[in-house]
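Okay, thanks for coming, everyone. Let me put the model up and we'll walk through it together.

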Amino acid sequence: MNIDHLLRLEIEDAVAALFGQAAPVLQIQPTNQEFEGSHTLVCFPLTKLSKKGPEETGSVIGEKLVGNGKLVSKFNVVKGFLNLSISDEAWVKVLADMLATATYGQQAPNGKEIMVEYSSPNTNKPLHLGHLRNNFLGYSVAEIYRAVGYTVHKVQIINDRGIHICKSMAAWTLFGNGETPEGSGLKGDKLVGKYYVEFDKAYKAQVKELEGKGMTTEQAEKEAPIMKMAVDLLLKWEARDPETLKLWKMMNSWVYAGFDATYRRMGVDFEKLYYESDTYLLGKEEVMKGLAAGVFFRKDDGSVWVDLTGDGLDQKVLLRADGTSVYMTQDIGTAMLRFRDFPKIEGQVYTVGNEQEYHFKVLFLILGKLGYAWAKKCYHLSYGMVDLPSGKMKSREGTVVDADDLMEEMVSDAAAQTAELGKTEGMSKEEVDTLTEMIGLGALKYFLLKVDPKKRMLFDPSESISLQGHTGPFIQYTHARIRGMLRKANLTTGDRLPVTGDRWELHELERNVIVRLSQFPSKLEDAAREYSPAVIANYIYTLAQDYNQFYQAIPVLNEPDSDRRAFRLAFSGATADVIRSGMRVLGIGVPDRM
RNA sequence: GGUCCGGUAGCUCAACUGGAUAGAGCAUCAGCCUUCUAAGCUGACGGUUCCGAGUUCGACUCUCGGCCGGAUCACCA
């Protein structure tokens, strides 16, 4: 039973009957808290039809709706806004339907497939705060699409080749003394990252020295021995030199082991990994085809270009004069490969920072010019940077917030606060660990997801993320309290209570929560359409707020009337379920006690 | 300089895509544990929605012009 839909139909009928014309698209919105009712019809646009003022138009429609005696029980008109109260009987029916649906909010499969790319790090440095936002966003958008009925494929492209990894390789060869993660106990990605930093240090020193000997900066940067070594490694890599490949594979394997550990703790997963070393040549073929088809053109020096001046952009190079590919070429190749691997996907979502907006604009245009219809369904999920109070994160200034460190800090903070509140009585060490992990990561994920993705956001590591107020743990806590109640009532986790009794008169605080619960499916749709987990994060928060108001004011277990008690238990259980489902698409777990 | 994005309470963020008196949290202050978990609830304080025009019944939202911040405009990825 979908109240929004039924109400819309009923109002359309009423308008047609009253004014003799089909209604235009009706503006129906949730009623502001300060007025009575749950749905509000904006009457201004209807005055042309009714030939009456907005107030009177509202009254006439309201009377008609109440007269129908089905859905609407009461109405009031304030300044051209028709506020409608849905009958409690209808609301109880809504709740009953909700409880009868095993996976309320989860849509039936719609037969469509979509791919979501996220994470996609370079292999020369450990993951940091910016990657956390990327991973949590991408994972959540994928889960949201799954919830609205799509088959979703989560993938990433691992940027495993290029000068950056060669720099780490050079430094490790020179200064590593054979250090391995096993030998030194340093996590693989951290180890490789360490030598990337070593490279930078040595490089700078060498440049300075050469400058001292009279070279220009430009010359010195080219002539620094360690840089020449890195470039040499890159050339050898491209020439498939066995020694170089061996070193490259070894160091990359360390990085992957390190990343895996980080991903596991983050709670994200991937169906398939793409490696740039496998795909970087593929785009060429496609570019050559495009060239033959006249989509691209060749310049005198032999380089291949696309002309986007007709789209208000520039000309972009796709193949260098020496025939090697650029970034764009690789991305074309990767896209082709993915559609070959998953022919049914209708599009791709690329979770990549907003500094690459131009790149993706160009990529999608090119794919369209190549004649692929799915280019229109490709979306760049562009998100803003995470700033520190000191400004941007700068690896050179050592202000990068490491992903592993941050997760660890959040969890130990959560552990400290949990212990301080005396919540751990009667729990085993293992249970406490599981709980604090859930709380710490929940706080972090919620913090990063509640903000509109496209906005840049501020993260202050010194004042660690709060566990009170508009936070993940607040929502987790609301869930845990409900589960605690159900436990006391001897109900197990999976129980879905039927709504019993014939008491159709709801308390206002109960009705508020049911109204909120009924919005869950449409919120999921909004979130999918906008590619925004923030929609769900903010929705679940207001749901928890509404429920807590009810919980505070109205007894459940202590309610003497058994029908009412059963009703409130059922309705509390429904709330817990929606909280859990909503948090699940955010990638956040909820505990049964905390 | 061109293009794109952002600017909302002291701070961090919302505002159902043009609707009602712009809402939450944090912080500050004042209350609520002898009833289901106080990581909670109630109240107070806090606003020229960057500025200026325009569009209309109605603008944080749309248009134009400024101001501030960021990104981008590589044969880098």
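So, which backbone atom lies 3.1 Å from a base nitrogen of RNA strand B? A backbone N or O atom of V556 does; a polar contact here is a pair of N or O atoms within 3.5 Å.

Quick housekeeping. This is a predicted model, where local features need pLDDT of at least 70, side-chain atom pairs count only at pLDDT 80 or more, and totals for chains, interfaces and linings use all residues. Residues are numbered from 1 along each chain as its sequence is written, chains are lettered from A and ligands numbered from 1 in the order in which they are written, and side-chain values use heavy atoms, with hydrogens and water left out.

Back to the RNA. Side chains reach it too: a polar atom of Q27 sits 2.9 Å from a base nitrogen of strand B, and one from N548 is 3.4 Å from a sugar or linking oxygen.

Zooming out, 67 residues surround RNA strand B, with R320, Y477, E530, Y551 and N558 the closest. Near means that a heavy atom of the residue lies within 4 Å of the strand. Looking from the RNA side, of its atoms within 4 Å of the protein, 60% belong to sugar or phosphate and the rest to bases.

What about the chemistry of that surface? We get 30 nonpolar, 18 polar and 19 charged residues; Ala, Val, Leu, Ile, Met, Phe, Trp, Tyr, Cys and Pro count as nonpolar, Asp, Glu, Lys and Arg as charged, and the others, Gly among them, as polar.

Conventions
Polar contact = N/O pair within 3.5 Å; in protein donor to acceptor, adjacent residues only side chain to side chain.
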